[in-house]
Amino acid sequence: MRLPKFSHKTPGFGITRNTYITVLAAQASLPSPVQIASPKPSNGAIQGFCVPLQGGSSPEVLGQPLMRGAYAVSTMDRKTLMRMLVLSKEEAGFEPGPFLRSKLAIGRDPDLLARISATWTLMQLTFESHDPMVYSSVRFMLEICARLADLTGGVVADPITRTYLLPHQVFHSPQADPKIDARDVVQVLAEPNPEGNHVYTLGMMKFGLAEIECYQVSDGAVVPVRSFLISACQKALLGQLYQLGDKVGNPKLPLLFAPGGLDRGKWEGIPCFELIPPPSKTIEDCIAAWKS
């Protein structure tokens, strides 16, 4: 099965070619392609196609467990086509130890950590083409990842947002919008600095859109600022694309989109906006006005 060229036709934004998600399988046995996706799905399979790129697509092959190699996964209309690479953790160079010993593992779900520790196989999915409207392609990829993790007792790992998720955590409920929920594709992080927290998004780069950051955020304002940034990302993903000089929040006390990404060690090659308050005002003032 030949993979078509990637299409950049989008309604204002698309899905970048370097977007990928990895499923960490915690079981030695792997599911068959037909258990993952099938034109006539049953028992939880996703409607679509999953076939090896080499070796044919006979019923016998599709009923056999996944093997090392490449597979094509597509929707029924074939507007969304992904390449799935299956390889051992040794071949992928994946070593769970450093993460499990880091502060990033503190407070995580014990089941999640146990699954990461038990990783046998990695299944990495990348887009080859996507639906021009984007949303259905994002949902399809997330559905496939959740299905794979469910079948393998595994974890969905998103390197762009730096998240590790159990299958039931892939989609937020209730969904903020039927098209897309920013919480499913974007994470907001907070890093302490002497002058206040640096709060910023990760995930908008998947769509070729700028990440958003705020500086000098007090500890007490981190949670509402996170909510504000997710709200701003949600609007952008639904088509309200931001430009430098745009204002968001309460019109009486808005935040301004200014050039961001000055920390090149963090943002090299990644577009970023910084939200700044009006003169003599603070981020907290603007967020409080927005909440009211």
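**Note on selected residues**

1. N43 counts as exposed, since its relative accessibility is 75%, and exposed here means over 50%. The structure is a predicted model, and this residue is placed by that model in the loop between strand 2 (37-38) and strand 3 (46-47). The backbone at N43 deserves a look as well, for its phi is near 55°, a positive value in a residue other than glycine.

2. R78 also has a positive phi, near 65°, and is likewise a residue other than glycine. R78 belongs to the loop that runs between strand 5 (69-74) and strand 6 (81-88). With a relative accessibility of 48%, R78 counts as partly exposed, because that class covers values between the 20% limit for buried residues and the 50% limit for exposed ones.

3. V51 takes us from loops to a strand, as this residue is found in strand 4, which spans residues 49-52. V51 has a relative accessible area of 11% and is therefore buried, the cut-off for that term being under 20%. As for distance, the C-alpha atom of V51 and that of S136 are separated by 20 Å, the two residues being 85 residues apart along the chain.

4. Which peptide bond is cis, with omega near -5°? In this model that description applies to the bond leading from S173 to P174. The proline of this pair, P174, lies in the loop between strand 9 (163-165) and helix 7 (182-185), and a reader new to the structure may wish to locate that loop when viewing the cis bond from S173 to P174.

Note on methods:
Residues are numbered from 1 along each chain as its sequence is written. This is a predicted model: local features need pLDDT of at least 70, side-chain atom pairs count only at pLDDT 80 or more; totals for chains, interfaces and linings use all residues. Side-chain values use heavy atoms; hydrogens and water are left out. Helices (H or I, at least four residues) and strands (E, at least two) are DSSP runs, numbered from the N terminus. Buried means under 20% relative accessible area, exposed over 50%, partly exposed in between (1.4 Å probe, protein chains only).
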